[in-house]
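Subject: Structure handover

Hello,

Here is the structure you asked about. Please open it alongside this note, and the findings follow below.

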Amino acid sequence: MAAGLLGVSGGVASAAPAADGSTVSLDTPDVPTGGKVTHTVTVHAVASGTLSVTFAAAQDQRWWDSDEEWTLGVQASGADARCVFPASLVAGVLSCSLPAGDHTITYTMSASAAAEAWKVDVDAGFDDGADRPVADSRFAVLGGREPAMDYWLYGRTPAGAVRAHGTYVGEFGPLDPEWSSQVQASGWDRYDVATKTAPINVRGVGGDVVARRKDGHLWFYPAMPGDSGGFRYPTDVGGGWSQYTAVRGAGDLSGDAEPDLITRGADGTLWLYKGTGRNSAPFTARTKIGSGWNIYTSLTGGTDLTGDRAADLLARDAAGGFWLYEGTGNAAAPLKARVKVGSGWNIYNALVAYGDASGDGHPDLIARDAAGVLWQYGGTGEAALPFTARVRVNQYWGQYNALF
């Protein structure tokens, strides 16, 4: 069984009888990679109706994209059971028109030898025009590794709209600027800073969003659970934040499992605001953690680049030098001495800490150049050389005046 799938196995589920006596049950054994199994839906229909069976990646995984290697074959017992499945991928609805009586619908589920360890939720409902009995179940693909997660990259337009983009959706490749979820239609042009406290995956898990209004008030937007990419109603953290020349999400610098915030004063002092995990009061009082930080033109944090479970910080100086400050997990002294990890980074006008989109266990970095081209630097887990060579991801990202 693949790592991370302990306790997950093919399920048998039955719905409680509806008021009219119709019932639905499911038998969904696990699918071995390079093999196939038969799943069974049993329906007792008091009246004629429609059976609908849907499939979805479990909520702790990303959704499927067009490259997932699935096949589905449908067979229906009885000459009067008419079933239709619209595609070969597990992405649509298996629909069967059934007369009154007892029916056994079987379908085959197969996965390639290279398939990843998906957990799949199955939902079967029978609509006979009266009550709608439903059964749900889960099965696992017994693959060798967990699927890579997907993370939101947010872009703000000059008009104040915010859109969320994912790696595993898009007609023209990863992070397609034309394929996105609208988070806010307008209003974000009132903010001069927007940052994630840590990467937010496409299930709404991870960090949250902080935005500074032009009047100096800081607003905290909790990430919305689910797959919309949206935010909950914000909290006004307070005023006076215009004193800072940088406000950035930092990930868990303090080692308490809550994402933190860092700020830089005009005199170069670096401050840590520890996250509390409470939406009503998301940060503690500030603590000074450094000085001389006004030599940097960009600060980027939020992820553990070195694999020691402590968030790290990246800083770019005016000459384009790129510096890594390894995290310690100690709030009193959260950063080690800097190590230079690159040069020439002043070609970029936006740097965003991204999650582990490749599934190799190391978070990645997104960079945008002056032409609006987006580049991805894969993480290595090594402090001396934390990123692989850049890979061009997409273009036309110059339409946004802020990325986070």
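Does Asp127 count as buried, partly exposed or exposed? Asp127 counts as partly exposed, because its relative accessibility is 32% and that class lies between 20% and 50%. Keep in mind that this is a predicted model.

**Around Asp127**

Asp127 belongs to strand S10, which covers residues 119–127. Beyond its neighbours within four places in sequence, Asp127 contacts Ser48, Gly49, Thr50 and Arg132. Take Thr50: it sits 77 residues away from Asp127 along the chain, yet the two C-alpha atoms are 5.2 Å apart. With Arg132, the link runs through side chains, as a polar contact of 3.3 Å.

**The sheet**

Strand S10 is also part of an open sheet of six strands. The order is S3-S11-S10-S5-S8-S7, and the pairing is mixed. The edges are strand S3 (31–32) and strand S7 (82–84). Each has a single partner strand, so one side of each has no neighbour in the sheet. Further in, strand S5 (residues 49–57) and strand S8 (residues 93–98) run antiparallel, joined by six bridges. In that pair, Val53 of the chain faces Leu94 in S8.

**The disulfide**

There is one disulfide in the structure. Its partners are Cys83 and Cys96, with an S to S distance of 2.0 Å. Cys83 lies in strand S7 and Cys96 in strand S8, so the bond ties together parts that are 13 residues apart in sequence. The S-S torsion is about 110°, so this disulfide is right-handed. The two cysteines fall into separate accessibility classes. Cys83 is partly exposed, with a relative accessible area of 24%. Cys96 is buried, at 0%.

**The cores**

The largest nonpolar core has 33 residues. Within it, Tyr154 and Trp188 touch the most other members. Strands giving two or more residues to this core are S12 (153–156), S13 (162–165), S15 (191–196), S16 (209–213), S17 (218–221) and S27 (348–353). Not counting residues up to four places away, Tyr154 touches a list that includes Val162, Ala164, Val183, Ile200, Phe231 and Leu403. Polar side chains are on that list too, including Arg163 and Lys196. Another core, of 30 residues, lies apart from this one. Among its members are Val31, Val41, Ala45 and Cys96. Cys96 is thus a member of that core and a partner in the disulfide.

Best wishes

Note on methods. Residues numbered from 1 in each chain as written. Predicted model: local features only at pLDDT ≥ 70, side-chain atom pairs only at ≥ 80, totals over all residues. Heavy atoms only, no water. Pairing = 2+ DSSP bridges. Helix = DSSP H or I, 4+ residues; strand = E, 2+ residues; numbered from the N terminus. Core = buried A, V, L, I, M, F, W, Y, C linked by side-chain atoms within 4.5 Å. Buried < 20%, exposed > 50% of the residue type's maximum accessible area, 1.4 Å probe, protein only. Contact = heavy atoms within 4.5 Å. Polar contact = N/O pair within 3.5 Å; in protein donor to acceptor, adjacent residues only side chain to side chain. Disulfide = S-S within 2.5 Å.
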